[in-house]
Amino acid sequence: MSAGERDGDVLIVGGGILGMSLALRLAQHGVDVRVIDAARLGGSTVNAGSLHVQMQSRFIRMESPARVEAVRRHQMFYVRAVREWEALAAELGADIELVVEGGVMLAETREQLAFLEQKCRIEERLGLAVRMLGADELRRVAPYLSPHAIGAEFCADEGKVNTLLANRALERAARKAGVRVHRPLEVGGLERKGQRFAARTAQGEFTAARLVIAAGGGSGALARHLGVALPVESEPLHMNVTEPVAPMIRHLVQHADRQLTLKQFVNGNVVIGGGRPAFIDARSSLPWVKRTSIEGNLSLALHLAPWLAEVRLLRTWAGINAKTDGLPVLGPVAGTPGLFIAVSGDAGYTLGPFSARVLAERMTDRAASYDLAGFGIERFVAAS
Amino acid sequence: MFRAPPPALELAMPDTIVCRCEEVTLAEIDEAATIAGGAIGAVKLDTRLGMGRCQGRYCAPLLAQRLRAGGAVCDDDPLFAPRAPAKPVPLAAIARREVE
């Protein structure tokens, strides 16, 4: 590669769902774009593909009321994000097994039901397509659940997507649109060189007029090279997948108070998760799973869907959540012209393509599909 | 008795299924290899080869063979990143009676 081939207009570090979607949109707007990713395929490739819209109970229980309130102000962003997934699936022209048949967050006790009723009222007021399901209706809508589930909040816009197919189709479309992808290639350093940015790699120095950091949980370390403080953490979460079985679970299933998500993909695999901990192995630096998470997760899954008892577990893995304060970090960095941050945060896979659309609009001075004002990195400066 | 012949790809046509669990053809593997390079784990993620019930026991050696024939240094050992459980096991065998 000659030096000239490494110099362009926009360089995106990170080719996951957000970085690659952004590359596609920018290329479609006629921008010269390169993507560098440290992995052999773009991104961490470990997301399980839930499309979240209603607020996850995990978030409400673990975060401060102020943070919950801040995310509430942007819940329509999640709805727009699912609409974007539908548009993207049509645009890619490949079957990415996108299913939007709604999600149920179930309750087992009266307390949990009361928690969901209150949550449902708030979310309905915010404009979400949500409603409560009583025991009988839940049985009719979700016959795969055991009688332990006595009610649920139903959200019509939730769903799931096959992440492997989606990533694959997206990258092919981006390349076709003219995006140049360099991977596996790690960025060892970033610096400002006059009006441009330089990224140091094993294949030489890449330079660009504009730089986008879109590396999920790795974004903080990259931003630090440029003296920018970006609080984002990698949170390894436990996931399980079973062998394929006949289609049973249409919805994205969550629990009001316990760590469980259940969904079934078009090919029949049932994915069981719920945010239980995994960890990064110190010796290999690879994500790894905990026995307690496997046992706890599967025990709860069988309690609520006993017909899974004889279904075989195929694999477990650690997904990586790029944890922010709950909101995406999207937009320019004040004081460093040409530098942009693109981290979609909690439910980052859901938000990836729409985040990319809005940031691409911003970077090409187009009318905005969504006001990015609440997503700026300056909120962390103000808070510290 | 007779030793089974080593699995070979010489007779495979582009539409020959190499991964039976996930129905991945030779042509799909070759296409993925151009995108994912010679990394066996990346081809797995791109095609789902090895993600079915056999977890790569039958198809992973064939994939490695194909990638090596294409000039890739395919030294991933073990072939795929190891993932619990070692072989498919019913959920009931792992789950506990009490639920936390």
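Two strands are said to pair if DSSP finds at least two bridges between them, and with that in mind I would like to begin at strand 15 of chain A, in what is, please remember, a predicted model.

In strand 15 of chain A, the residue I272(A) has L262(A) as a bridge partner, and N240(A) also stands opposite I272(A). Behind these two partners are two pairings: strand 14 of chain A, residues 261-264, runs antiparallel to strand 15 over four bridges, while strand 12 of chain A, residues 233-242, pairs with strand 15 in the antiparallel sense over two bridges. Strands 14 and 15 of chain A also form a hairpin with five residues between them, and G268(A), in the turn, has a positive phi of about 105°.

Now, which residues of strand 15 of chain A are buried on one side, and which on the other? In a regular strand the side chains alternate between the two faces of the sheet. Here V270(A) and I272(A) lie on one side, V271(A) and G273(A) lie on the other, and all four are buried, so that both faces of the strand are covered.

Let me move on to the nonpolar cores. The largest one has 59 residues, and I12(A), L26(A), W85(A) and V212(A) touch the most other members. Several elements of chain A each supply at least two residues of this core, among them strand 1, helix 1, helix 7 and helix 10, but helix 4 of chain A gives the most, with nine residues. If we look at L26(A) and leave out residues up to four places away in sequence, its contacts are V10(A), I12(A), V31(A), V33(A), A360(A), M363(A) and T364(A). Apart from the largest core lies another, of 31 residues, which includes L138(A), L145(A) and L298(A), and also I94(B).

Finally, the empty spaces. There are four cavities of 30 Å³ or more, and the second largest of them has a volume of about 100 Å³. Its lining includes H52(A), F59(A), Y78(A) and D346(A), and by class that lining has six nonpolar, five polar and one charged residues.

The second largest pocket has a volume of about 420 Å³, and of the 20 residues that line this pocket, the closest to its centre are D95(A), L165(A), R168(A), E28(B) and D46(B). Which helix provides the largest share of this lining? Helix 7 of chain A does, with six residues, and helix 2 of chain B also supplies at least two. By class, the lining of the second largest pocket has eight nonpolar, three polar and nine charged residues.

Terms used. Residues numbered from 1 in each chain as written. Chains lettered and ligands numbered in written order. Predicted model: local features only at pLDDT ≥ 70, side-chain atom pairs only at ≥ 80, totals over all residues. Heavy atoms only, no water. Core = buried A, V, L, I, M, F, W, Y, C linked by side-chain atoms within 4.5 Å. Buried < 20%, exposed > 50% of the residue type's maximum accessible area, 1.4 Å probe, protein only. Contact = heavy atoms within 4.5 Å. 1 Å grid on protein atoms, 1.4 Å probe; cavity = no way out; pocket = protein on both sides within 12 Å on 5 of 7 lines; lining within 4 Å. Points joined across faces, edges and corners; volume = space filled by probe spheres on them. Nonpolar A, V, L, I, M, F, W, Y, C, P; charged D, E, K, R; others polar.
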